[in-house]
Amino acid sequence: SYLDEGDVIVRRELPAIVSSVIPFAPATPVAIFFAAAGVDSRLLDEVRAAERLRLRPLNDDDEALYHDLYTDPETMRFIAPPLSAEKAASSFRKVVALQHEPTLASRFMVIEEKAEQKGLGICGTSTFDADTRRVEVGIVLKSEGRSRGIGSEALPALMNRIFAVSLVQEIYLRFSAQHSVMLRLNTRVGFMPCADGAQEEGVLSKRVWSVHRSSWLVNQTTN
């Protein structure tokens with residue numbers, strides 16, 4: 001179980017001979033390093049997404065996938081202007097470096113089909129507000145990963161992991177008001193419009209939808 005002690009999440013591992021009121025800190029240096037920042041080190045673990053997919057942390061070997069996604073005009077059509085090759089390379093180096101930081105922000109996971117061990121896209125977090133315990137997530141898929149239900153498996157798996165290993169109370173995302181595919185995906189996953197979410201016009205204008213921990217857990221229990 002997890003207790004919020006200031007900004008620290010403490011994992012309790014209690015041997016039967018020890019009273020349940022005595023806390024035990026995480027056992028490994030990496031776990032302690034992450035726990036001291038209020039983050040569970042299991043964010044570094046791979047995640048199963050149904051039977052055919054797995055999510056694993058982005059690493060140095062994923063530059064080609066990152067480049068293909070963020071420089072492709074069609075992939076980035078509803079997200080942001082595509083990056084140049086030079087900017088994509090620079091962005092990738094920064095993102096990889098962030099994967100070693102003990103924070104919920106900027107956690108990037110590669111979506112792989114387990115049978116082929118081929119990267120189909122990337123999902124993860126971007127911004128994290130420790131005061132409100134609110135984190136933003138996102139997903140971007142290669143063309144061969146779209147229209148196959150990949151997003152509807154990968155995104156819930158990511159959200160399950162976040163809620164399981166952190167004290168986050170709300171997960172939100174922003175998506176283009178004109179992106180009908182993301183609208184259907186977000187509705188299917190269980191996101192709802194935020195009260196303060198802007199809904200402007202234009203291809204890159206963003207809707208803001210979210211899921212709260214309480215409603216997510218209820219849905220996972222009943223479905």
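**Salt bridges in the predicted model**

In the predicted model, Glu-170 forms a salt bridge with Arg-134, and their closest N and O atoms lie 2.9 Å apart. Because Glu-170 belongs to strand S8 (residues 170–176) and Arg-134 to strand S7, this pair ties together parts of the chain that are 36 residues apart in sequence. Glu-170 has a relative accessible area of 12%; since buried residues are those under 20%, Glu-170 is assigned to the buried class.

A salt bridge also joins the side chains of Arg-148 and Glu-113, with an N to O distance of 2.6 Å. Arg-148 is located in the loop between strand S7 (134–141) and helix H4 (150–165), whereas Glu-113 is in strand S5, so the contact ties together parts that are 35 residues apart in sequence. The two partners are described separately with respect to accessibility: Arg-148 is partly exposed, at a relative accessible area of 34%, while Glu-113, at 13% relative accessibility, counts as buried.

Glu-112 is paired with Arg-54 in a further salt bridge, in which the closest N and O atoms are 2.6 Å apart. Here distant parts of the chain are linked, as Glu-112 is in strand S5 (residues 108–113) and Arg-54 in strand S4 (residues 53–57), at a separation of 58 residues. Glu-112 and Arg-54 are both buried. These two residues also take part in a network of salt bridges that includes Arg-56 and Asp-62.

In total, nine salt bridges are counted in the model.

Note on methods. Residues numbered from 1 in each chain as written. Predicted model: local features only at pLDDT ≥ 70, side-chain atom pairs only at ≥ 80, totals over all residues. Heavy atoms only, no water. Salt bridge = Lys/Arg side-chain N within 4 Å of Asp/Glu carboxyl O. Helix = DSSP H or I, 4+ residues; strand = E, 2+ residues; numbered from the N terminus. Buried < 20%, exposed > 50% of the residue type's maximum accessible area, 1.4 Å probe, protein only.
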